[in-house]
Amino acid sequence: MVHKLIPLADWFPADSWPLLACPDCSSGITIDRQRISQFETFESEESHGHEDFEPLWVHGHFHGQVNCGNSRCQLRIVVVGDFKVDYADGRGRIEYLGQQWDEYYKLKFTHPPMAIMSRAEGVPDEVWSLVTDASRLAWVDPAAASGRLRAALESLMDSFKITKLKPNRKPRNLHDRLKDFETKKPDAAQFFLAVKWVGNEGAHGNRGLTSVDVLESAELMEHGFQLLYNKSAQLLQKRAAAINKARRLPRTRTKK
Ligand SMILES: [Zn+2]
């Protein structure tokens with residue numbers, strides 16, 4: 001499965017935004033370019049006078065407002081990011097010396113944040129507030145976002161009363177706590193352990209984390225939450241296990 005926000009992690013044509021869902025009601029977000037302004041940096045503007053000038057030198061920032069298309073919600077979101085001119089993919093909006101060019105945007109920040117995962121009913125508020133922080137940081141600082149997802153896992157372990165301190169009163173590391181948790185909830189634990197490894201890479205690895213890494217972690221974490229809290233997914237899993245055990249439809253229905 002590919003995270004629906006992944007197209008937003010890369011440059012996209014300024015007049016063809018990826019499809020976005022409203023963080024409040026999940027309806028589609030409407031983009032009106034009239035409500036988005038862009039400007040060049042001073043250096044970019046100065047470069048137009050240079051004898052070797054070419055459109056690839058043009059860069060700057062954009063800011064604006066996008067709206068939820070659902071008339072009963074109409075959430076308004078502030079968007080901020082970088083702007084550049086690059087070769088057009090096909091026919092572009094700008095023609096210069098016989099070449100087709102287009103304007104491209106890269107998102108850096110939205111307020112309120114675009115949710116990087118949907119919330120399963122039952123996820124504790126303390127855990128969810130850290131996930132929301134991660135959503136806020138996903139574009140502007142992926143390593144920090146990954147740290148917030150890790151903090152959300154610590155908070156989840158607290159909510160399951162997984163021992164926090166060693167006998168010498170020093171804090172236990174997240175890995176050991178997740179291994180304890182694995183004995184209670186093995187299916188969900190696999191997904192949270194994977195998120196923890198990606199977070200380690202962000203904190204200590206040589207490679208910088210990207211927004212795509214954060215989105216992929218969010219997808220794993222969302223699935224872990226579904227396994228923990230989504231009752232219908234649990235019931236389906238129980239039913240499948242009962243059928244597999246009986247090798248037929250069992251006589252008694254699995255209890256709710
Ligand atoms: Zn909405």
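This tour moves from the whole chain to helix α3 and two of the helices that it meets.

**The whole chain**

Begin with the entire chain in view, bearing in mind that this is a predicted model. Its secondary structure consists of seven helices and seven strands. If the chain is coloured by secondary structure and followed along the sequence, the elements appear in the order β-β-β-α-β-β-β-β-α-α-α-α-α-α. The radius of gyration is 23 Å, well over the 18 Å that the globule rule gives for 256 residues, so the chain is more spread out than a compact globule.

Next, turn the model along its principal axes. The C-alpha atoms fill a box of roughly 75 × 50 × 35 Å in that frame. Of the 256 residues, 27% count as buried. Where contacts join residues at least 6 apart in sequence, 57% of them link residues at least 24 apart.

**First stop: α3 and α4**

Select residues 142-159, which form helix α3, and residues 174-184, which form helix α4. At what angle do the axes of these two helices cross? They cross at roughly 45°, and the axes come within 10 Å. An angle between 35 and 65 degrees is neither roughly parallel nor roughly perpendicular, and α3 and α4 are therefore oblique to each other. The crossing of α3 with α4 is left-handed.

Now display the side chains at this contact. On α3, select Arg150, Leu153, Glu154 and Met157; on α4, select Leu174, Arg177 and Phe181. Colouring these residues by class shows four nonpolar and three charged residues, with no polar ones.

**Second stop: α3 and α6**

Keep α3 selected and add residues 211-229, which form helix α6. The axes of α3 and α6 come within 9 Å and cross at roughly 15°. Are α3 and α6 roughly parallel or roughly antiparallel? Angles under 35 degrees count as roughly parallel, and α3 is therefore roughly parallel to α6. This crossing is left-handed.

To see the residues in this contact, select Pro142, Ala145, Ser146 and Leu149 on α3. From α6, add Ser211, Asp213, Val214, Ser217, Ala218 and Met221. How many residues of each class take part in the contact of α3 with α6? Six are nonpolar, three are polar and one is charged.

**A last view**

Finally, show α3 together with both partners. In this view, α3 lies oblique to α4 and roughly parallel to α6.

Technical notes. Residues numbered from 1 in each chain as written. Predicted model: local features only at pLDDT ≥ 70, side-chain atom pairs only at ≥ 80, totals over all residues. Axes fitted to C-alpha atoms, helices over the stretch in contact; angles between N-to-C directions. Helix = DSSP H or I, 4+ residues; strand = E, 2+ residues; numbered from the N terminus. Parallel < 35°, antiparallel > 145°, perpendicular 65-115°, else oblique. Left-handed = near helix turned anticlockwise from the far one by under 90°. Contact = placed C-beta atoms within 7 Å. Nonpolar A, V, L, I, M, F, W, Y, C, P; charged D, E, K, R; others polar. Rg over C-alpha atoms; globule rule 2.2 N^0.38 Å. Buried ≥ 20, exposed ≤ 12 C-beta atoms within 10 Å, placed from the backbone.
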